[in-house]
Amino acid sequence: MDRKERDKNLRQNDILGAAERIFATKGYYNSSMLDIASEAQYAVGTLYNYFKDKQSLYLALLERKTDELFSRINEKIKRIRDPIKKIKVLVSANLEFVAENVDFFKIYFYEESSLKEVMQDIDVYKRDKFRKHLDLFICVIKEAQEKDSIKKIYPAEKLAHVLTGIIHNIIVYWLKGRNPAKEEIVSNAPLVLEVFLNGVKR
């Protein structure tokens, strides 16, 4: 990568980081390109050199974060052979990533009502990304079933929806806290795994 390309990537990172903070504090609808430019300490014209409008900026942020999550999870599980350990890593990696990207996930979970102008694009994008995410869970659960680590009477896809649903609701519950701490959400990993793998019946 030459210097020009490095400078371009640096500016894009600065702009996306500023957008993440502004969207999280002001909401998508109440944020402007001028707000984001001011936060990034760039002229507003510089933003338009990289993103044609606020909508494309938000979608670029969404794509970057979800791709970062998938990359991290894949890196962590690719050398693990035990499917139960893979499930544990899936859960912990998701919760850790949310804890490290609180601003983004505040937008992701709470700003949908304000995103009318981009909702159709976001819906399509989220469906594609969620399917990719779900497919990873399905693959790991199927592997666990093949090795008799998980009951085979339930379809892997249904079990994947159950597990991702538990994770999703833990995240929403945590984000509603006034001062969410990273340790608090990560400490929920054993609870998620206990409920999913063993149930709560005595």
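Reader: Which residues does Q145 touch, not counting residues up to four places away in sequence?

Author: The idea is to skip the close sequence neighbours and see who is left. In this predicted model, Q145 touches I150, K151, K152, Y154, P155, A156 and L159. Q145 itself sits in helix α7, and α7 runs over residues 119–146.

Reader: Is Q145 buried or exposed?

Author: Buried means under 20% relative accessible area. Q145 comes in at 9%, so it counts as buried.

Reader: Okay, let me zoom out. How many helices and strands does the protein have?

Author: There are 10 helices and 0 strands. Following the chain along, you get α-α-α-α-α-α-α-α-α-α. For contacts between residues at least 6 apart in sequence, 69% join residues at least 24 apart. As for burial, 43% of the 202 residues count as buried.

Reader: What about the surface? How much does the protein expose?

Author: About 12,000 Å², with carbon and sulfur atoms supplying 49% of it.

Reader: And the inside? Which residues touch the most other members of the largest nonpolar core?

Author: General idea first: in soluble globular proteins, nonpolar side chains tend to be buried together. Here the largest nonpolar core has 58 residues, and I36, L57 and I87 touch the most other members. Several helices each supply at least two residues of this core, including α1 (3–26), α2 (33–40), α6 (102–110) and α8 (156–175).

Reader: Let me take I36 as an example. What is I36 in contact with, leaving aside its neighbours within four places in sequence?

Author: Click on I36 and look for I15, A18, A19, I22, F23, L47 and L57. Notice that L57 is another of the residues named for touching the most other core members.

Reader: How do I check a helix such as α4? What should its 24 residues span?

Author: Use the rise per residue. At 1.5 Å a residue, the 24 residues of α4 should span 34 Å, and the end C-alpha atoms are 35 Å apart, so the two agree.

Reader: Which residue caps the N-terminal end of α4?

Author: That's D53. One of the side-chain oxygens of D53 lies 3.3 Å from the backbone nitrogen of Q55.

Reader: Now salt bridges. How many are there?

Author: For these you want a side-chain nitrogen of Lys or Arg within 4 Å of a carboxyl oxygen of Asp or Glu. By that rule the count comes to 11. One of them pairs R72 with E100, with the closest N and O atoms 2.8 Å apart. R72 belongs to helix α4 (residues 54–77) and E100 to helix α5 (residues 83–100), so this pair ties together parts that are 28 residues apart in sequence.

Reader: How exposed are those two, R72 and E100?

Author: Both fall in the middle class: R72 is partly exposed at 26%, and E100 is partly exposed at 39%.

Reader: Which residues form a salt bridge with E75?

Author: Look at K78, where the closest N and O atoms are 3.1 Å apart, and at R79, where they are 3.5 Å apart. E75 is partly exposed, with a relative accessible area of 43%, while R79 is exposed at 64%. Elsewhere, salt bridges that share partners join E20, K65 and E68 into one network.

How values were computed
Residues numbered from 1 in each chain as written. Predicted model: local features only at pLDDT ≥ 70, side-chain atom pairs only at ≥ 80, totals over all residues. Heavy atoms only, no water. Helix = DSSP H or I, 4+ residues; strand = E, 2+ residues; numbered from the N terminus. Buried < 20%, exposed > 50% of the residue type's maximum accessible area, 1.4 Å probe, protein only. Core = buried A, V, L, I, M, F, W, Y, C linked by side-chain atoms within 4.5 Å. Contact = heavy atoms within 4.5 Å. Expected span 1.5 Å × (residues − 1). Polar contact = N/O pair within 3.5 Å; in protein donor to acceptor, adjacent residues only side chain to side chain. Areas by Shrake-Rupley, 256 points an atom, 1.4 Å probe, with all protein chains shown as cover.
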